[in-house]
Every structure is written in C-alpha cells, then in structure tokens.
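These entries record what I looked up in one structure. I began with helix packing and then turned to the buried core.

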Amino acid sequence: SQQLDELDASVTQRVQDHPCYSEEAHKYFARMHVAVAPACNIQCNYCNRKYDCSNESRPGVVSEVLTAAQAVKKTLAVAAAIPQMSVLGIAGPGDALANPERTFETFAGLSERAPDLKLCLSTNGLMLPQYVDKIADYHVDHVTITINCIDPDIGAQIYPWIFWNHRRVTGREASEILISQQQKGLEMLVARGILVKVNSVMIPGINDQHLKEVSRVVRAKGAFLHNVMPLISDPVHGTHFGLTGQRGPTQQELKALQDECAGDMNMMRHCQQCRADAVGMLGEDRGAEFTLEKVEAMQ
Ligand code: SF4
Ligand code: SF4
C-alpha cells in the first residue's frame, strides 16, 4: 500500500547513516557502547554473568562499568577523537532498563552536551512498558529487544527465572510475564515511532525452529529488523556454553535460519555482536584506547 511504501522509505532514510543497519554506512560512521548497566533482572540459561549480555555482546572480557557521569565524559572524549562517531548505545553488560538511573542519566547528559548523537539501547524487554515514555522523551533513535521466543513452554527452557515485583518468579510463569512485557513494549515503541530491532539468540534444539514464527510475529507488529544471532560457544571451555551446556549452531545452521527469517531485509548480516563497551567503526574495537583511565588523562 501507499502507506507502507512511505513507512519503508522513512525507515530506510533513518537507517541509512546508521553503522549497524546499513552496509554502506558502516564504512563511514562509527558507534560506541558505554557499559553503564551492570545488573540484570532475568536469568538466561546461556548467560553465565562472567561476560557481557548477549543482547549485543560477544563473550570475552567483562566491560569496565561506568557511572553516568563517566560515560558522558568518555563519550565526549571519543566523539572528539573519532569524528565519524554517530551512534551511542547502552547494551549492558547487564540490561539497560534494569539500571534505569544510570541509563537515563547518561542519556540526559548526552542529549544536553552532544545533541547530534543518535542514542540507542538494548534490553531483554521485561521493564520496557514502564519506560517507553521516558525512552521517547530522550528521543532515543532505536531500541533493540532480545526476544528468543513467544511460547512460554519454550521460554521455560531458556529462562530459569525473572525478578518481577520484588520477587523471583520461576518456570513457565516467568516466561509468560517476560513474553507479554516484550510484546507489549514492542507495540508501544512502534506506536511512538521509535525504530525497533529484534535480536534472537539461536539455540539449537530449543528455539531454532520456533524463531521463524517469532520473526513473522515481530515483523507484523512493526519491528524493522529481525537479527538472528548464534549462541556463542565458550571459547575457553570448548563448544558448550552457559548453565545448561547448550551447543552453539554451526555456520550452516545459522545461515539457513537467517535466510528463512530474512524476508526482504538482510542488512543485519554484518552485525558483529559487539561488546558492551565497543568503540569505533564496526568491525574494529578501539575500546582499549578509551579506558576510563585514559579518558581522564585526556581532559
Ligand atoms: Fe545475561 Fe543478558 Fe540474559 Fe541478563 S538478559 S541474563 S545479562 S544474557
Ligand atoms: Fe551494531 Fe550489532 Fe555492534 Fe550493536 S552489536 S553496535 S547492533 S553491530
């Protein structure tokens, strides 16, 4: 329809200078993540908490956690040193919305001192409905929600618990709540015109077949991109990763599922699953040049 074409054109326009979404842009623009979000409010079976959140991150060394003031300082220093810097994201090492004070203080500081930076955040979605208005207030450009399932029976095999209303909820009930919050959050963001990308971690034997259905549903609700990422095997302990020792997919399994989920949008194949403190052009990580110690020394 005419309306859909216009929507596509405006989304295309909004992502074309975004290094994470446009194959072209990622040659010319840089992005950084600031690690201001140490806590998480759910447990994923594949997360062992020694690493950054798999929302957007690759297992490796834990990020240096920053206060909001430190994050603002670091961002300004990096933006001064790397003129192509166009996007600032909060992607862990835990969940951006499980650390709302630091996340929104960082956004507040940056919207004042670096108003041209595009802001983004990634989340497991549990607290999304509560914070959608705040996210809109800071003109956050896009939100990534990690949605691994829409079926609570599958969810029960991925999430042993969530922390909800001051208590720990386990089993199928935990996944029911998480899934309903994620879907509600997705709808609310789309209704406010905020771009939504959905990430899914492909876990062979658990959600691999189901992710096609997830893809259909989130696209129908208006997510502009569905990014299927592999469960990353533990580089130290062999091919199995996480609490229950699931294996990661092979390259062929991953590509086959990505092809099935891609539809007409395959821009995300170059996602690097960057660390929560990644800095620089996509595919490079200059984070080590901008540790807090070095940033303090630059002032
Ligand atoms: Fe770990 Fe991220 Fe899952 Fe939280 S949402 S348990 S940080 S993978
Ligand atoms: Fe972009 Fe993916 Fe890296 Fe995030 S993890 S900055 S979406 S390439």
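Entry 1. Before reading any helix pair, I noted the cut-off that I would need: angles under 35 degrees count as roughly parallel, and those over 145 as roughly antiparallel. I also noted that the model is a predicted one.

Entry 2. I looked up the pair formed by helix 4 (residues 128–137) and helix 6 (residues 171–191), whose axes come within 8 Å and cross at roughly 20°. Helix 4 and helix 6 are therefore roughly parallel to each other. I recorded the handedness of this crossing as right-handed. On the side of helix 4, the residues in contact are L128, P129, Q130, V132 and I135, and they meet Q181, K184, G185, L186, M188 and L189 of helix 6. Sorted by class, the residues of this contact are seven nonpolar, three polar and one charged.

Entry 3. I then turned to helix 2 (residues 68–81) and helix 3 (residues 100–113), and found an angle of about 40° with the axes 8 Å apart. For the label I used the rule that angles which are not roughly parallel, antiparallel or perpendicular count as oblique. Helix 2 and helix 3 are therefore oblique to each other. The crossing of helix 2 with helix 3 is right-handed. Helix 2 contributes A68, A71, V72, T75 and L76 to the contact, and helix 3 contributes R102, E105, T106, G109, L110 and R113. I counted five nonpolar, three polar and three charged residues in the contact of helix 2 with helix 3.

Entry 4. Which members of the largest nonpolar core touch the most other members? I found I135, V143 and L189, in a core of 50 residues. Two of these names were already in my notes, since I135 of helix 4 and L189 of helix 6 both belong to the contact between those helices. I next listed the neighbours of V143, leaving out residues up to four places away in sequence: L121, T123, L128, I135, L189, I194, L195, V196 and K197. A second core, separate from the largest, has 21 residues, including C47, C149, L178 and V201. As background, I noted that nonpolar side chains tend to be buried together in soluble globular proteins.

Entry 5. I closed with the chain as a whole. Its secondary structure consists of nine helices and twelve strands. Of its 299 residues, 54% are buried. Among contacts between residues at least 6 apart in sequence, 75% join residues at least 24 apart.

Technical notes: Residues are numbered from 1 along each chain as its sequence is written. Chains are lettered from A and ligands numbered from 1 in the order in which they are written. This is a predicted model: local features need pLDDT of at least 70, side-chain atom pairs count only at pLDDT 80 or more; totals for chains, interfaces and linings use all residues. Side-chain values use heavy atoms; hydrogens and water are left out. A nonpolar core is a set of buried Ala, Val, Leu, Ile, Met, Phe, Trp, Tyr and Cys residues joined through side-chain atoms within 4.5 Å. Buried means under 20% relative accessible area, exposed over 50%, partly exposed in between (1.4 Å probe, protein chains only). Contact means heavy atoms within 4.5 Å. Axes are lines fitted to C-alpha atoms, for helices over the stretch in contact, and angles run from 0 to 180 degrees between N-to-C directions. Helices (H or I, at least four residues) and strands (E, at least two) are DSSP runs, numbered from the N terminus. Angles under 35 degrees count as roughly parallel, over 145 as roughly antiparallel, 65 to 115 as roughly perpendicular and the rest as oblique. A crossing is left-handed if the near helix is turned anticlockwise from the far one by less than a right angle, and right-handed if clockwise. Ala, Val, Leu, Ile, Met, Phe, Trp, Tyr, Cys and Pro count as nonpolar, Asp, Glu, Lys and Arg as charged, and the others, Gly among them, as polar.
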